[in-house]
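Dear colleague,

I am handing over the structure we spoke about, and below it you will find a description of what turned up in it. Please keep it open beside this message as you read.

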Amino acid sequence: MYCRKCGRYFDGSADLCVECAQNEANAKVENNAPQYGANNAPQYGAPQYGANNAPQYGAPQYGAPQYGAPQYNANYNQTVSSVTPVRQGSRTAGLGFGIVGFISAMVALIMIIAGYGSAYDAALDVTLGSYYGNVESFRSTLTTASALCWVGIVLGVIAVIFGPVAISKFVKTKRNSGVKPVPTLVFGIISLAEGVGSILVGLICNLALGEALQILSVL
């Protein structure tokens, strides 16, 4: 049989010799190499048909994958930084200070009233003649009344200290968390007012009792 391409004689029934058939097969493989288009997608040519009409495809050729630089969301940091943390606050913050100041102020008033009451009773008894000739008993009563007033003054000072502390706790809690511990504010204001009142009344009572004790000292 003669090759239809090169004309050489060869044994067989094919129309191409071995060399020409191999060359033609290589050419078909090269022509069938995939071409890459957009997005690196391989593009295949039309299949080439060989013996027995079987399609022959060239092996796809892939290059090394191409990676771009990672893309970050430019708004990510802004979004994270714009989130305000939720701050917790208690509606009873600093209430202990207000309660201590309130109790101190109330006890101070009770002490001062008790001291003033005993001094008043003693003065009334003197007016009615019950203490006539019993100066030491009257002096003892006035001394006890003065001591009660001094205790009231000390407790009033404690109330004046704790009252503003409670008020400052209210202000800080409101500023930091937006929560308003109203009971703390109420007790703080009452403590401050009653503490100042206790101190003033106690000092006035002690001045009066001191004058009375001086008068008794000359009797």
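Helices here are DSSP runs of H or I with at least four residues, strands are runs of E with at least two, and both are numbered from the N terminus. In that numbering, Ile-190 belongs to helix 5. Please bear in mind throughout that this is a predicted model.

To begin with the overall layout, the chain holds 5 helices and 4 strands, and read from the N terminus these elements follow the order α-β-β-β-β-α-α-α-α. Of the 219 residues in the chain, 23% are buried, while the accessible surface amounts to about 15,000 Å², with 62% of that surface belonging to carbon and sulfur atoms. If one takes the contacts between residues at least 6 apart in sequence, 63% of them join residues that are at least 24 apart.

Turning to the interior, the largest nonpolar core has 8 residues, namely Ile-112, Ala-119, Phe-138, Leu-142, Ala-145, Cys-149, Cys-205 and Leu-209. At least two residues of this core come from each of helix 3, helix 4 (135-177) and helix 5, and helix 4 gives the largest share, with 4 residues. A second core, separate from this one, consists of 5 residues, among them Cys-3, Phe-10, Leu-16 and Cys-20.

One member of the largest core, Ile-112, may be worth picking out on screen, since its surroundings can be listed: leaving aside residues up to four places away in sequence, Ile-112 touches Leu-148, Cys-149, Gly-152, Ile-153, Ser-198, Val-201, Gly-202 and Cys-205. Leu-109, which is also found in helix 3, is partly exposed, with a relative accessible area of 27%. With the same residues left aside, Leu-109 touches Glu-194 and Ser-198, and its C-alpha atom is separated by 8.6 Å from that of Val-201, a residue 92 places away along the chain.

A search of the whole structure for aromatic pairs returned 2 of them. One is formed by Phe-102 and Phe-187, and it is edge-to-face, with 5.3 Å from centre to centre and 80° between the planes; the angle earns that description because planes over 60 degrees apart count as edge-to-face. Phe-102 lies in helix 3 (residues 95-128) and Phe-187 in helix 5 (residues 182-217), so this pair ties together parts that are 85 residues apart in sequence. Phe-102 counts as partly exposed at 24% relative accessibility, and Phe-187 likewise counts as partly exposed, at 25%.

On the surface, Val-182, Val-186 and Ile-190 form a nonpolar patch whose accessible area is about 210 Å² together. Ile-190 itself is partly exposed, at a relative accessible area of 31%, and it can be admitted to a patch because the cut-off for patch residues is over 30%.

Finally, towards the start of the chain, Ala-21 has its place in helix 1 (residues 18-31) and is partly exposed, with a relative accessible area of 34%. The C-alpha atoms of Ala-21 and Lys-5 are separated by 9.4 Å, and these two residues are 16 apart along the chain.

With kind regards

Notes. Residues are numbered from 1 along each chain as its sequence is written. This is a predicted model: local features need pLDDT of at least 70, side-chain atom pairs count only at pLDDT 80 or more; totals for chains, interfaces and linings use all residues. Side-chain values use heavy atoms; hydrogens and water are left out. Rings of Phe, Tyr and Trp (its six-membered ring) pair if their centres lie within 6.5 Å; planes under 30 degrees apart count as stacked, over 60 as edge-to-face and the rest as tilted. Buried means under 20% relative accessible area, exposed over 50%, partly exposed in between (1.4 Å probe, protein chains only). Patches are made of residues with over 30% relative accessible area and no salt bridge: like charges are joined within 9 Å, nonpolar side chains (Val, Leu, Ile, Met, Phe, Trp, Tyr) within 5 Å. Accessible areas come from the Shrake-Rupley method with a 1.4 Å probe; for residues, only the protein chains shown count as cover. A salt bridge is a side-chain nitrogen of Lys or Arg within 4 Å of a carboxyl oxygen of Asp or Glu. Contact means heavy atoms within 4.5 Å. A nonpolar core is a set of buried Ala, Val, Leu, Ile, Met, Phe, Trp, Tyr and Cys residues joined through side-chain atoms within 4.5 Å.
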